[in-house]
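Hi,

Here is the structure I said I would pass on. Have a look at it first, and my notes follow below.

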Amino acid sequence: MNLYDVYDNVGQDGVDNKFAFDSLPVQLRYFIDSTQRQIVEKVKKKVIETYGEIGLNDLRKTSGFRSIKTNTRCGGVVDSLHLFGCAVDFAKQGIFKDKFVKVCCNLQLIDSGDCWHVQLRRGN
């Protein structure tokens, strides 16, 4: 999956979510696309600040927007922010296997075992 792919095109369950994404209203697709890009850009910025440009070699996005079916099949929670395009998973590989990137205040990073789950911080 490319860092700028919005939906799981071969998601964690191997199913392309393009149809689910394309069936959403245009305004919602725009919101999801811009939110995904913002999350990726903020993480990239922190990776460069922390590890330099070389850190980008190990940054691999594994999940973005998911349909309800994909989210269910890969064990996502029922209120997953992936369903709204407000979460991105990154593989724990290379330098990120044992370390993580401190994300900015409006993002939350969760260690999900095999990946780093980065999402918009939920309100109180």
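Let me start with lysine 61, which counts as buried because its relative accessibility is 1%, under the 20% cut-off. Keep in mind that this is a predicted model. Lysine 61 is part of strand β1, residues 61-63. So what does its side chain have for polar company? A polar atom of the lysine 61 side chain sits 2.5 Å from the backbone oxygen of aspartate 5. The lysine 61 side chain also makes a polar contact of 2.9 Å with the side chain of glutamine 36.

Now for the nonpolar parts. In soluble globular proteins, nonpolar side chains tend to be buried together. Here the largest nonpolar core has 13 residues, and the ones touching the most other members are Ile39, Val43, Val47, Leu59, Phe90, Phe96 and Val118. At least two residues of this core come from each of α2, β2 and β4, with α2 giving the largest share, four residues. There is another core apart from that one, made of six residues, including Phe21, Leu24, Ile32 and Phe65.

Leucine 59 is worth clicking on. Beyond its neighbours within four places in sequence, leucine 59 is in contact with Leu3, Val43, Lys44, Val47, Phe90 and Phe96.

Next, the empty space. How many cavities of 30 Å³ or more are there? The count comes to one, with a volume of about 80 Å³. Its lining is made up of Val43, Val47, Leu59, Phe90, Ala91, Phe96, Phe100, Val101, Val103, Leu109, Trp116 and Val118. The elements that contribute two or more residues to that lining are α2 (26-51), β2 (87-91) and β4 (115-120). By class, the lining has 12 nonpolar residues, with no polar and no charged ones.

Then there is the largest pocket, with a volume of about 220 Å³. It is lined by 16 residues, and Arg66, Gly76, Ser80, His82 and His117 are the closest to its centre. Which element gives the largest share of that lining? That is β4, with three residues. The pocket lining divides into five nonpolar, eight polar and three charged residues, whereas the lining of the largest cavity has no polar and no charged residues.

That's what I have for you.

Cheers

How values were computed
Residues are numbered from 1 along each chain as its sequence is written. This is a predicted model: local features need pLDDT of at least 70, side-chain atom pairs count only at pLDDT 80 or more; totals for chains, interfaces and linings use all residues. Side-chain values use heavy atoms; hydrogens and water are left out. On a 1 Å grid over the protein atoms alone, a cavity is a set of points where a 1.4 Å probe fits but cannot get out, and a pocket is an open set with protein on both sides within 12 Å along at least five of seven lines; lining residues have an atom within 4 Å of a point. Grid points are joined across faces, edges and corners, and a volume is the space filled by probe spheres set on the points. Ala, Val, Leu, Ile, Met, Phe, Trp, Tyr, Cys and Pro count as nonpolar, Asp, Glu, Lys and Arg as charged, and the others, Gly among them, as polar. A nonpolar core is a set of buried Ala, Val, Leu, Ile, Met, Phe, Trp, Tyr and Cys residues joined through side-chain atoms within 4.5 Å. Buried means under 20% relative accessible area, exposed over 50%, partly exposed in between (1.4 Å probe, protein chains only). Contact means heavy atoms within 4.5 Å. A polar contact is a pair of N or O atoms within 3.5 Å; within protein, one must be able to donate a hydrogen and the other to accept it, and residues adjacent in sequence count only if both atoms are side-chain atoms.
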